[in-house]
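Work through the exercises below with the model open. Try each task before reading its solution.

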Amino acid sequence: MLDALTVAVAVTALALSAWCGFAAYRDQPTKDWHFIGMAVVSLLALAQLVVAVVQLARGERPDQGMTIFICYLIGAFAAVPAAGFLSLTERTRWGSVTVAAGAVVLAVLQVRLYDIWGS
């Protein structure tokens, strides 16, 4: 795993969480700008997924097991898009809370992926 990419995904996820959390504090639903932020974070998570698949294909293996690593990797990739989809169904401040929570989950999954890989 690339440490810089892992840090970039975690930092942007936390920034998205703070941004959507502030929107929820102001009693606002997710807006178009929030979805652009979710797209940026999701693209970084996709890049991480591609890098991890390439490294696995080259024969590198995580320290704590392949199955758990792949499950966490898929969960990390799906966290923000799933939260974004749920926020579309809830067009109140709770949609913003959902995205903020999904972004925090992604940041935590980044720490766990780093630990599983053994870097």
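A polar contact is a pair of N or O atoms within 3.5 Å; within protein, one atom must be able to donate a hydrogen and the other to accept it, and residues adjacent in sequence count only if both atoms are side-chain atoms. The model is predicted: local features need pLDDT of at least 70, side-chain atom pairs count only at pLDDT 80 or more, and totals for chains, interfaces and linings use all residues. Residues are numbered from 1 along each chain as its sequence is written, and side-chain values use heavy atoms, with hydrogens and water left out.

**Exercise 1. Place the polar contact between Ser87 and Thr30.**

Solution.
- Start with the distance. The side chains of Ser87 and Thr30 are joined by a polar contact of 3.4 Å.
- Locate both ends. Ser87 lies in helix 3, and Thr30 is in the loop between helix 1 and helix 2. Helices here are DSSP runs (H or I, at least four residues), numbered from the N terminus.
- Check burial (buried is under 20% relative accessible area, exposed over 50%, partly exposed in between; 1.4 Å probe, protein chains only). Ser87 has 0% relative accessibility, so Ser87 is buried. Thr30 is buried too, at 1%.
- List the surroundings, leaving aside neighbours within four places in sequence. Contact means heavy atoms within 4.5 Å. Ser87 touches Thr30, Phe35, Gly95 and Val99. Thr30 touches Phe35, Ser87, Arg91, Gly95, Ser96 and Val99.

**Exercise 2. Find the aromatic pairs and classify each one.**

Solution.
- Apply the rule. Rings of Phe, Tyr and Trp (its six-membered ring) pair if their centres lie within 6.5 Å; planes under 30 degrees apart are stacked, over 60 edge-to-face, and the rest tilted.
- Count. The rule gives two aromatic pairs.
- Take Phe22 and Tyr25. Their ring centres are 6.4 Å apart and their planes are at 25 degrees, so this pair is stacked.
- Place that pair. Both residues lie in helix 1 (residues 3-25), three residues apart, about one turn of the helix. An α-helix has 3.6 residues a turn, so residues three or four places apart point the same way.
- Read the accessibility. Phe22 is partly exposed at 47%, and Tyr25 is exposed at 68%.
- Take Phe69 and Trp117. Their ring centres are 5.1 Å apart and their planes are at 50 degrees, so this pair is tilted.
- Place the second pair. Phe69 is in helix 3 (residues 66-89) and Trp117 in helix 4 (residues 93-117); the two are 48 residues apart, and the pair links distant parts of the chain. Phe69 is buried at 0%, and Trp117 is buried at 9%.

**Exercise 3. Which helix gives the most to the largest nonpolar core?**

Solution.
- Define the core. It is a set of buried Ala, Val, Leu, Ile, Met, Phe, Trp, Tyr and Cys residues joined through side-chain atoms within 4.5 Å.
- Size it. The largest has 24 residues; among those with the most contacts inside it are Leu16, Val41 and Phe69.
- Assign the helices. Helix 1, helix 2 (32-57), helix 3 and helix 4 each supply at least two residues. Helix 4 gives the most, with nine.
- Inspect Leu16. Beyond its neighbours within four places in sequence, Leu16 is in contact with His34, Gly37, Met38, Val41, Val80, Val99 and Ala103.

**Exercise 4. Test the span of helix 4.**

Solution.
- Get the expected span: 1.5 Å times one less than the number of residues.
- Compare. The 25 residues of helix 4 should span 36 Å, and the end C-alpha atoms are 36 Å apart, which agrees.
- Look just past the end. Gly118, just after helix 4, takes a positive phi of about 90 degrees.
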